[in-house]
Amino acid sequence: MADTVTKTTPDEPDTTPRAGHEFDTEARKQWKIVLRRFLRHRMAMISLSVLVLIVLAAIVMPWFLPYDHTYTGGGRYEDPGPDHPLGTDNLGRDMLAMLVRGTQFSLLIAVVVAAMATVIGVTLGAVAGLLGGWVDTLFMRLVDLWLIIPQLALVALAASAFGSSWYLVAIALGLFSWMSVARINRGLTLSLANQEFVEAARAMGASNTRIVVKHILPNLTGVITVNATLAVATAVLAEAALSFIGLGVNIPDTSLGLIINNNYAQLELRPWLFWAPFLVIVLISLTVNFIGDGIRDAFDPKQTKVRA
Amino acid sequence: MTTAKTSPSDAAPAGADTGQPLLQVSDLVKSFPVRGKGIIPRTVGQVQAVAGISFDLRAGETLGLVGESGCGKSTTGRAILQLHRPTSGSVRFEGRELVGRTARQLRSVRRDMQIVFQDPYASLNPRWTVNSVVREPLEIHHSSWGDKRIQAKVNNLLELVGLNPEHRNRFPHEFSGGQRQRIGIARALALEPKLLVLDEPVSALDVSVQAGVVNLLEELQQRLNLAYLFVAHDLSIVRHISHRIAVMYLGKIVEIGTRDEVYGRATHPYTQALLSAAPLPDPKAERERQRIVLTGDVPSPVNPPSGCRFRTRCWKAQDICATEEPKLEARGEDGHLSACHFPEVRSRES
């Protein structure tokens with residue numbers, strides 16, 4: 001799609017009026033248009049800034065904090081103060097250090113889960129939708145089968161067999177979150193594959209690979225990104241749920257869900273122990289969803305009213 | 001449009017070689033399975049969308065394929081291009097058999113036969129610039145050409161179909177329906193094909209735009225010696241552009257002949273009914289036009305009538321029509337092919 005047109009023009013938007021400038025005839029590389037549209041999406045930009053801040057904080061802050069998540073030297077349930085900005089929990093752990101560590105793991109798990117769900121779901125969905133016939137039937141029955149497997153029981157089984165660590169949690173969640181992605185992408189691929197522009201590509205002798213990569217996937221970008229961001233958001237929540245019932249990340253490591261699990265009893269007495277991790281979860285889910293919206297809009301050539 | 005003076009001559013087009021036709025279709029059948037419901041769907045029947053049709057097409061010639069919707073016109077076009085794999089029968093292009101070839105084997109033939117679609121909105125990828133759309137066939141078949149040569153060709157093609165090459169970096173939704181159809185034509189012409197299947201290329205356009213596209217197609221045919229299979233339901237446009245015309249009903253050709261034979265001396269009752277439904281441009285003739293109004297609906301192609309497929313709606317139907325299928329053969333005085341047991345020219349001069 002990246003067209004190298006012989007006529008090259010500078011990247012800066014040219015505002016000087018020229019003859020026939022009404023319709024911009026510069027070589028418009030699509031990614032550049034997409035980027036420009038995304039940068040103009042206000043909610044997405046705000047969300048992106050917030051998310052970048054959260055990610056940076058999770059990565060950088062451990063170096064500057066006096067304590068890490070393994071520290072248990074504080075008093076039991078100390079109130080927030082200069083030493084412990086968010087107080088300590090029942091084991092005397094520094095809450096801020098826990099929160100940073102928990103955010104790290106929750107984000108890591110969420111990204112792995114979203115990547116797995118997207119790759120598995122889009123691949124199976126696109127192949128089933130394009131090839132049709134028995135491949136389609138087989139894949140979709142596989143999805144049906146997968147959907148009725150009790151996920152929680154299997155994760156519990158895996159946890160007891162292999163012990164629990166963040167990547168096992170991520171893989172377990174990833175293996176159970178691709179089905180809806182596959183279904184949606186299969187349906188969309190099916191309808192795209194019957195569109196005349198795909199038929200035109202076939203008539204000119206394009207291979208199936210080319211059709212998927214050049215025609216189907218670009219038209220699925222919007223749905224794929226929205227689903228991926230949804231998967232990130234749900235994975236953060238699912239991990240929180242798993243950790244909450246004790247199947248996720250374990251001590252001495254922690255995750256946002258585990259912190260909530262440890263401290264929900266203090267909601268009345270020491271609300272900050274509950275609300276701090278809760279707020280981070282909500283912020284991650286919200287910002288990721290808004291960013292997904294922005295990406296989808298940016299990829300849709302008909303969305304913008306402003307000529308890019 | 002019927003009164004335009006630049007209509008093609010009735011005889012075989014100049015430059016057509018007298019030997020082998022460009023395209024030979026014989027006994028072409030395309031059936032689609034009807035599936036039942038269940039976990040593993042079973043085939044419970046077959047729809048014969050195309051039920052054994054045969055015709056030839058010479059280089060530089062236009063064959064109009066008419067019939068009402070659902071009669072298998074578009075399926076015929078797609079089956080010829082192997083976009084729908086034919087169930088049986090033979091499609092020969094320049095003597096080479098296409099039915100049963102693998103996608104890889106078909107690749108070289110695909111250069112010579114291309115398609116223009118009905119819907120100018122669905123036929124262009126909405127995420128691609130016009131430039132990418134027209135480049136695609138060249139990138140697939142002439143990857144060795146290099147960027148400069150491909151780009152020059154794209155610019156030429158856009159000019160050829162009457163578009164400004166400077167607009168090549170726009171997206172399809174920035175163009176009007178007629179312009180989009182021109183983009184589709186440019187894409188189809190990129191590989192310099194010998195045969196174009198035109199699948200209702202103007203029926204989605206405004207009447208005022210239709211003329212422009214039809215004239216473009218005629219001009220291109222003369223310049224590039226293209227053969228057209230023109231699928232349409234608009235009788236006046238078919239009459240304007242076609243050298244020969246085939247009339248389809250329920251998956252079969254019921255009558256085929258030159259333009260004047262079919263329009264002037266039709267012998268099949270379905271053709272006569274179809275022609276009588278078309279309005280005439282001359283108001284006086286239009287007032288005196290006698291329509292043949294058919295009763296009933298087109299029967300289901302899952303379970304077509306025995307014998308002649310048109311007999312359920314035909315005013316001439318006799319017992320023989322139910323028992324014996326009329327062959328498509330020379331009937332009547334001028335000898336063009338018609339599939340009716342009781343061929344008769346209707347007394348009407350148009």
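**B:Leu250 counts as buried because 23 C-beta neighbours lie inside 10 Å.** Here, buried means that 20 or more other C-beta atoms lie within 10 Å of the residue's own, exposed means 12 or fewer, and partly exposed is in between, with C-beta atoms placed from the backbone. Everything shown is a predicted model, in which local features need pLDDT of at least 70 and side-chain atom pairs count only at pLDDT 80 or more, while totals for chains, interfaces and linings use all residues. To help you find your way, residues are numbered from 1 along each chain as its sequence is written, and chains are lettered from A and ligands numbered from 1 in the order in which they are written. B:Leu250 sits in the loop between β9 (244–249) and β10 (252–258) of chain B. Helices (H or I, at least four residues) and strands (E, at least two) are DSSP runs, numbered from the N terminus. Leaving aside neighbours within four places in sequence, B:Leu250 is in contact with B:Cys71, B:Val298, B:Pro299, B:Pro301, B:Pro304 and B:Arg309; contact means that the C-beta atoms, placed from the backbone, lie within 7 Å. From B:Leu250 to B:Lys73 the C-alpha distance is 9.4 Å, although 177 residues separate them in sequence.

**Helix α1 of chain B (residues 73–80) is mostly covered.** Eight of its eight residues are buried. They are B:Lys73, B:Ser74, B:Thr75, B:Thr76, B:Gly77, B:Arg78, B:Ala79 and B:Ile80. After α1(B) comes B:Gln82, with a positive phi near 65°.

**Two loop residues of chain B, B:Glu192 and B:Asn225, have a positive phi without being glycine.** Most residues other than glycine have a negative phi. For B:Glu192, phi is near 50°, and the residue is found in the loop between α5 (177–189) and β7 (195–199). B:Glu192 counts as partly exposed because it has 13 C-beta neighbours inside 10 Å. For B:Asn225, phi is about 50°; look for this residue in the loop between α6 (207–224) and β8 (227–231). With 15 C-beta neighbours inside 10 Å, B:Asn225 is partly exposed.

**B:Ser306 is an exposed loop residue, because it has 11 C-beta neighbours inside 10 Å.** Its loop runs between α10 (283–288) and α11 (319–323) of chain B. B:Glu325 is 19 residues away from B:Ser306 along the chain, and their C-alpha atoms are 7.5 Å apart.

**Chain A has eleven helices and zero strands.** Of its 308 residues, 41% are buried. Among contacts in chain A with a separation of 6 or more, 71% join residues 24 or more positions apart.

**Helices α3 (residues 95–131) and α9 (residues 208–244) of chain A pack at about 145°, with their axes 7 Å apart.** Axes are lines fitted to C-alpha atoms, for helices over the stretch in contact, and angles run from 0 to 180 degrees between N-to-C directions. The crossing of α3(A) and α9(A) is right-handed: the near helix is turned clockwise from the far one by less than a right angle, whereas anticlockwise would be left-handed. Contributors from α3(A) include A:Ile109, A:Val113 and A:Ala117, and those from α9(A) include A:Ile224, A:Ala231 and A:Ala235. This contact is made by 18 nonpolar, four polar and one charged residues. Ala, Val, Leu, Ile, Met, Phe, Trp, Tyr, Cys and Pro count as nonpolar, Asp, Glu, Lys and Arg as charged, and the others, Gly among them, as polar.

**A:Val113 is one of the residues that touch the most other members of the largest nonpolar core.** Such a core is a set of buried Ala, Val, Leu, Ile, Met, Phe, Trp, Tyr and Cys residues joined through C-beta atoms within 7 Å. This one has 159 residues, and A:Ala235, B:Leu229, B:Phe230 and B:Val247 stand alongside A:Val113 in touching the most other members. Its largest share, 19 residues, comes from α3(A). Not counting residues up to four places away in sequence, A:Val113 touches A:Ala170, A:Leu173, A:Gly174, A:Ser177, A:Ala231 and A:Ala235.

**Helix α9(A) also packs against α10 (residues 256–263) of chain A, with axes coming within 7 Å and crossing at roughly 45°.** That angle makes α9(A) oblique to α10(A); under 35 degrees counts as roughly parallel, over 145 as roughly antiparallel, 65 to 115 as roughly perpendicular and the rest as oblique. The crossing is right-handed. Among the contact residues are A:Leu242 and A:Phe244 of α9(A) and A:Leu256 and A:Ile260 of α10(A). By class, the contact of α9(A) with α10(A) has seven nonpolar, three polar and one charged residues.

Definitions and conventions
Two residues are in contact if their C-beta atoms, placed from the backbone, lie within 7 Å.
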